[in-house]
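Dear colleague,

I am handing over the structure we spoke about, with the sequence beside it. Please open it first and then read the notes underneath.

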Amino acid sequence: MKENRPLRKELVGTVFSNKMDKSIIIAVKWKEKHPVYGKFVNKTKKICAHDENNECNIGDSVKIMETRPLSKTKKWRLVKIIKKVVNI
């Protein structure tokens, strides 16, 4: 019998830093309505993710998926690069 695993969260964000070995920091942005004033506020969260092949550069748009803890801060891994930034 096959056990049903819960679906893992997936997020899309922009690579903020790639200075570490096999690790990247992604900035995930979204808009949230203020509870009192009703104005939409921009929110940003920085997430550490695992990049096995060191293939991401700063500014790339990437898709990440939740995974088991790989280190103290890394609980996400790179799924695919959606859009590469052209460096001139």
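The notes below go through the strands and their turns, and then through one histidine.

Please keep in mind that this is a predicted model. Strand 1, which covers residues 10-17, pairs in the antiparallel sense with strand 2, residues 23-33, and three bridges are found between them. Strand 2 is also joined to strand 3, residues 40-50, in an antiparallel arrangement that has 11 bridges. A useful place to look is Ala-27 in strand 2, since Thr-14 stands opposite Ala-27, while in strand 3 the bridge partner of Ala-27 is Lys-46.

The two hairpins each have a residue with a positive phi to look at. Between strand 1 and strand 2 there are five residues, and in this hairpin Lys-22 takes a positive phi near 60 degrees. The hairpin of strand 2 and strand 3 has six residues between the strands, and there Gly-38 has a positive phi near 80 degrees.

Lys-22 also leads to the histidine, because a polar atom of the His-50 side chain lies 3.3 Å from the backbone oxygen of Lys-22, a distance that falls within the 3.5 Å used for a polar contact. His-50 is found in strand 3, and it counts as buried because its relative accessibility is 19%, where buried means under 20%. If neighbours within four places in sequence are left aside, His-50 is in contact with Lys-22, Leu-70, Lys-74, Trp-76, Arg-77 and Leu-78.

With best regards

Conventions
Residues numbered from 1 in each chain as written. Predicted model: local features only at pLDDT ≥ 70, side-chain atom pairs only at ≥ 80, totals over all residues. Heavy atoms only, no water. Pairing = 2+ DSSP bridges. Helix = DSSP H or I, 4+ residues; strand = E, 2+ residues; numbered from the N terminus. Buried < 20%, exposed > 50% of the residue type's maximum accessible area, 1.4 Å probe, protein only. Polar contact = N/O pair within 3.5 Å; in protein donor to acceptor, adjacent residues only side chain to side chain. Contact = heavy atoms within 4.5 Å.
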